[in-house]
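Please walk me through this structure, beginning with how far the model can be trusted and ending with how its helices pack.

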Protein chains: 2
Amino acid sequence: MHKMLYEIPYKMRSITRSCCLINNLLKYRYRDVLIRSSSWSSKPSLDQLMATPITPITPYQVLFAGNREDGSHLMKSAKFLVKELLVRFSHLIATMQNLPYIAMCHPQLKSVLESYHNSFDMLYDYETVNDYKAAVAYSKTLTKILEKYNDELKSLASGFDSAYKSVAAQDHSESLDKILKWYLGIKILAEHYVALHHPKPKYVGIICTKLELQDLIKAKADFAREICDFKYGRSPNVEFDGDVNCHFPYFPAPLEYIVFELLKNAFEATVKNHPKLSDNLPNVKIAISNTKEYFYIRISDQGGGMAKENASKAMKYHYTTSRAKNTALEQNIFNSVMEIQFGGPAGGPMSGYGFGLPVSRIYAEYLGGSLQLHTIPEYGTDVYLELQHIDGKNCFKI
Amino acid sequence: MHKMLYEIPYKMRSITRSCCLINNLLKYRYRDVLIRSSSWSSKPSLDQLMATPITPITPYQVLFAGNREDGSHLMKSAKFLVKELLVRFSHLIATMQNLPYIAMCHPQLKSVLESYHNSFDMLYDYETVNDYKAAVAYSKTLTKILEKYNDELKSLASGFDSAYKSVAAQDHSESLDKILKWYLGIKILAEHYVALHHPKPKYVGIICTKLELQDLIKAKADFAREICDFKYGRSPNVEFDGDVNCHFPYFPAPLEYIVFELLKNAFEATVKNHPKLSDNLPNVKIAISNTKEYFYIRISDQGGGMAKENASKAMKYHYTTSRAKNTALEQNIFNSVMEIQFGGPAGGPMSGYGFGLPVSRIYAEYLGGSLQLHTIPEYGTDVYLELQHIDGKNCFKI
């Protein structure tokens, strides 16, 4: 059915067939939406929730919604989330439903939307959470929803890539930005709640109260080196500089995703730029700075940089760039390894669709910071990651 | 008279006095222009020249207008320049005359304009250059004009700084960009012609046929270190990386100006960020890359970087930035030393007016490239200089 829907607009042009297509659509594509809008009279409909604004909260509020000895925080947080996640899922669904029809006919994008609808349905069953048992059940539902996360992101990336490559020429990066930001917000809130049910030292939910920045980067570098060694038989060393002892409260998950993405690119570029096994691989240099409101990570490689014309595209979604072969983005042969080995916190398998850098940039922006890139052709690339501290006065909101 | 003209609009507001001002203006400020426009019937007037387009030429054309054994190149070049420099001076004058009246009432800006008028007059006497004697005389006139260059630039910087600080709130960086670009073009053409009269090995005019990039940077670093040692008692080392052996034909003069400006900033920031004499100063790191069409220099310091709010201003002219004390730009106490010791090729004394970086940027852009800055607060700053090769197909024009 998916395949048929997707192909019809291109292969069959007659009016009769278009009518047939519309009938099919009404029958299959919007069926769930129609049911939802009409059948649940006692609960707010998806349409109504789409019009409800979200309640953005600061990470500080998330932190202090943390552990209470009597477990009351689990009920209190759940009461907030029960409504908030439904509202956010409805916005996520609305954003996808507003994508061009032609893009959403793509089976992968359609399946992502269906998955969002399913998650919405799963959450819809919780009217309120009044006791510990209900809180545990709610946490288990969130875990199930989160389990689909990587698959959905992969489908989203691949679907956008192929839908926009083949049929939708316009630049819809703004919609994709929105989808990713809705999803990241949902993910952080849901993961935090699940983590509250499994307390561990130095953590409140997903917030590490004393994150050692260099240690986090080192761990990701070790992992990236392992993969690089496996694939190429060698990998560059990393070298640290700056405020290497800094520590502060932070969410490790999105930071790990971004740092891993950047290191992976740096390692791969370095190895490829020194193809002779006898070559000494130049170190990947990492500088750290920590100020009151922001912290900074610069990752510099001597991986040969990018040609002028590719540098400006590297931070954009793949489908907006030219499909030329052999660009720095296309050459990413980490992908298959990544898909097997990396079930990371925020969608490692997305690599290979040219999503790594732009998604990292979106995450950095969502977290009140920025990700910038400066390349020196035939020498190397520097990326500058800036992120806002979560305990500052003017902190970003989730 | 200058002082009076400049102060009138602010201190006296009555209509009578405004009339008096207008009379004075008509009498003094535009006197020369009026004389010029009317009295030289046989020659094109300044106004006519202002409407004549310039003849942009590629550095390659400049290079090949170089040495002929019979000295014929000196007459041939002069014939081109006799008209071209008049046209370019007239455009330079027109750009200044189109600045807001209130800014041009500033005595320093007014004196710069007068100096341009004088140069124009000096060049106006050469109707053509037919023999070697005339070529030598023309070269001497150009030398005299070039001798005023540093003083004029200093007045221009200081005049803009104080005129726009006190009276003209709008951003006129576009006009200043234009003035500097006109002037740089004139300077390159004039210096090249003068240099053709004083041939030296490896040079055709001001073009070095085999410029060793690392050597040029090293020489400027040695000089900057001397000044830094003199002022602070110590200076950082420099460390090279990348394509350190590259060489190609280029104009050293503007490159020396830019590189010196960047190194000076990097050294000063490094020393100031490590105020204890016992501190080891971290090296200033210089990376070089050379590709077919462009070459690249990255200068990285650990001079503590700039605060977020200052970083975006550093590349703009000073008068457009806040006048807050203690910014990275204001702290430049190289200035007095610079004014004594550095009679460099393109206006070393400009430092201290916050002109160093923006002028370097303008020069880089004029030379078909760019100058970009990325700072990591409380760590350091990287500047990226990109310049176009002068023997490429799509080369910039002078």
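The paragraphs below take up confidence, then the two chains, then the helices.

This is a predicted model, in which local features need pLDDT of at least 70 and side-chain atom pairs count only at pLDDT 80 or more, while totals for chains, interfaces and linings use all residues. Residues are numbered from 1 along each chain as its sequence is written, chains are lettered from A and ligands numbered from 1 in the order in which they are written, and side-chain values use heavy atoms, with hydrogens and water left out.

The model scores ipTM 0.79 and pTM 0.82. For chain A the mean pLDDT (the predictor's confidence in each residue, from 0 to 100) is 80, and 77% of the residues of the chain reach 70 or more. In residues 1-42 of chain A, however, the pLDDT is below 50, and this stretch has 47 contacts in the model beyond near neighbours in sequence, a contact being heavy atoms within 4.5 Å. Residues 319-351 of chain A also have pLDDT below 50, with 89 contacts beyond near neighbours in sequence. Where pLDDT is low, the predicted coordinates should not be read in detail.

How are the two chains related? Two copies of a chain are related by a rotation about an axis and a shift along it. Here a turn of 180° and a shift of 0.1 Å along the axis lay chain A on chain B with an RMSD of 0.1 Å, the superposition being by least squares on the C-alpha atoms of residues with pLDDT of at least 70 in both copies. That is the relation of a two-fold axis. The residue of chain A that comes closest to the rotation axis is A:His374, whose C-alpha lies at 4.3 Å. Since 100% of the interface residues of chain A are also interface residues in chain B, the copies meet through the same surface.

Two packed helices are described by the angle between their axes and the distance between the axes. Helices (H or I, at least four residues) are DSSP runs numbered from the N terminus, and their axes are lines fitted to C-alpha atoms over the stretch in contact, with angles from 0 to 180 degrees between N-to-C directions. In chain A, helix H8 (residues 107-124) and H9(A) cross at roughly 175°, their axes coming within 10 Å. H8(A) and H9(A) are therefore roughly antiparallel (over 145 degrees). Their contact joins A:Ser119, A:Met122 and A:Leu123 of H8(A) to A:Tyr138, A:Thr141, A:Leu142, A:Lys144 and A:Ile145 of H9(A).

Helix H9 (residues 132-147) of chain A also packs against helix H11 (residues 173-196) of chain A, at an angle of about 135° and with the axes 9 Å apart. H9(A) and H11(A) are therefore oblique to each other, a word for angles outside the ranges under 35, 65 to 115 and over 145 degrees. Among the residues of H9(A) that meet H11(A) are A:Tyr138 and A:Leu142, and the H11(A) side includes A:Lys187 and A:Glu191.

In chain B, the axes of helix H9 (residues 132-147) and helix H11 (residues 173-196) come within 9 Å and cross at roughly 135°. That makes H9(B) oblique to H11(B).

Terms used:
Helices (H or I, at least four residues) and strands (E, at least two) are DSSP runs, numbered from the N terminus.
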